Amino acid sequence: MASVPVEMSRERFEEFVGEALDEVPAELLKVMDNVVIVVEDDPPGGEDLLGLYEGTALTDRGWDYAGVLPDRITIYRNPTLRVCDTETDVIDEVAITVVHEIAHHFGIDDHRLHELGWG
């Protein structure tokens with residue numbers, strides 16, 4: 001039996017992203033630098049990404065890092081809803097995706113995230 005995607009308004013989904021951010025330790029949020037977190041309905045090109053980090057990780061920034069637009073963490077609503085069966089699944093998946101993308105901001109790659117269980 002095929003699962004039916006969870007239906008959820010963008011506003012409700014954004015609340016879950018906000019709640020996931022509230023769970024990130026304050027010490028980590030304080031050292032995040034020049035990054036914005038946004039919600040979009042779908043990734044470009046029809047990919048099935050749940051989230052995307054675009055920018056220069058903190059570990060890759062040198063003395064010449066200045067005057068650049070903020071890094072961008074995007075959490076994608078529709079692909080997330082498609083892989084979830086319940087609202088609880090959405091909450092869990094959003095939390096994992098938020099942590100995963102923030103980790104990229106800190107220079108942690110996908111391989112290491114999978115090792116740590118945040119893949």
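These exercises work through confidence, core, salt bridges and surface in a predicted model.

**Exercise 1. Confidence**

Find the mean pLDDT of the protein, then the elements with the lowest and the highest mean pLDDT.

Solution.
- Step 1. The mean pLDDT is 90. A value of 70 or more is reached by 96% of the residues.
- Step 2. Among the elements, helix α5 (residues 110-115) is lowest, with a mean of 84. Strand β3 (residues 71-76) is highest, at 97.

**Exercise 2. The nonpolar core**

Determine how many residues the largest nonpolar core has, and which elements give two or more residues to this core.

Solution.
- Step 1. The largest nonpolar core has 20 residues.
- Step 2. Rank by contacts inside the core. Met8, Phe13, Val17, Val90, Val94, Val98 and Ile102 have the most.
- Step 3. Assign elements. Those giving two or more residues are α1 (10-22), β3 and α4 (87-105). Helix α1 gives the most, with five residues.
- Step 4. Set this against a general tendency: in soluble globular proteins, nonpolar side chains tend to be buried together.
- Step 5. Take Phe13 as a sample. Leave out residues up to four places away in sequence. Phe13 then touches Met8, Val39, Ile75, Tyr76, Arg77, Thr80, Leu81, Val90 and Val94.

**Exercise 3. A salt-bridge network**

Identify the residues that salt bridges with shared partners join into one network, and describe two of the pairs.

Solution.
- Step 1. Search the whole structure. Ten salt bridges are found.
- Step 2. Look at helix α1. The side chains of Arg10 and Glu14 meet in a salt bridge, 3.0 Å from N to O. The two are about one helical turn apart, because they are four residues apart in α1.
- Step 3. Check exposure. Arg10 has 26% relative accessibility and so counts as partly exposed. Glu14 is partly exposed too, at 35%.
- Step 4. Turn to Arg77 and Asp41. Their salt bridge has its closest N and O atoms 2.9 Å apart. Arg77 lies in helix α3 (residues 77-82), and Asp41 in the loop between β1 (35-40) and β2 (51-54), so the pair ties together parts that are 36 residues apart in sequence.
- Step 5. Apply the burial cut-off, under 20% relative accessible area. Arg77, at 13%, is buried. Asp41, at 26%, is partly exposed.
- Step 6. Now take Arg61 and Asp71, whose side chains meet in a salt bridge at 2.7 Å, N to O. Arg61 is in the loop between β2 and β3, and Asp71 is in strand β3, ten residues apart. Both Arg61 and Asp71 are buried.
- Step 7. Return to the network. Shared partners join Arg10, Glu14, Asp41 and Arg77.

**Exercise 4. A histidine in α4**

Is His105 buried or exposed, and which residues does His105 touch?

Solution.
- Step 1. Place the residue: His105 is in helix α4.
- Step 2. Its relative accessible area is 0%, so His105 is buried.
- Step 3. List contacts, not counting residues up to four places away in sequence. His105 touches Met32, Asp33, Val35, Tyr53, Ala57, Leu58, Arg61 and Asp71.
- Step 4. Cross-check with Exercise 3. Arg61 and Asp71, both touched by His105, meet each other in a salt bridge.

**Exercise 5. A nonpolar surface patch**

Name the residues that make the nonpolar surface patch of about 240 Å².

Solution.
- Step 1. The patch is made by Ile108, Leu116 and Trp118.
- Step 2. Locate Trp118: the segment after α5.
- Step 3. Trp118 has 34% relative accessibility, so it counts as partly exposed.

Conventions: Residues numbered from 1 in each chain as written. Predicted model: local features only at pLDDT ≥ 70, side-chain atom pairs only at ≥ 80, totals over all residues. Heavy atoms only, no water. pLDDT = per-residue confidence, 0-100. Core = buried A, V, L, I, M, F, W, Y, C linked by side-chain atoms within 4.5 Å. Buried < 20%, exposed > 50% of the residue type's maximum accessible area, 1.4 Å probe, protein only. Contact = heavy atoms within 4.5 Å. Patch = residues over 30% accessible without salt bridge, like charges linked within 9 Å, V, L, I, M, F, W, Y side chains within 5 Å. Areas by Shrake-Rupley, 256 points an atom, 1.4 Å probe, with all protein chains shown as cover. Salt bridge = Lys/Arg side-chain N within 4 Å of Asp/Glu carboxyl O.
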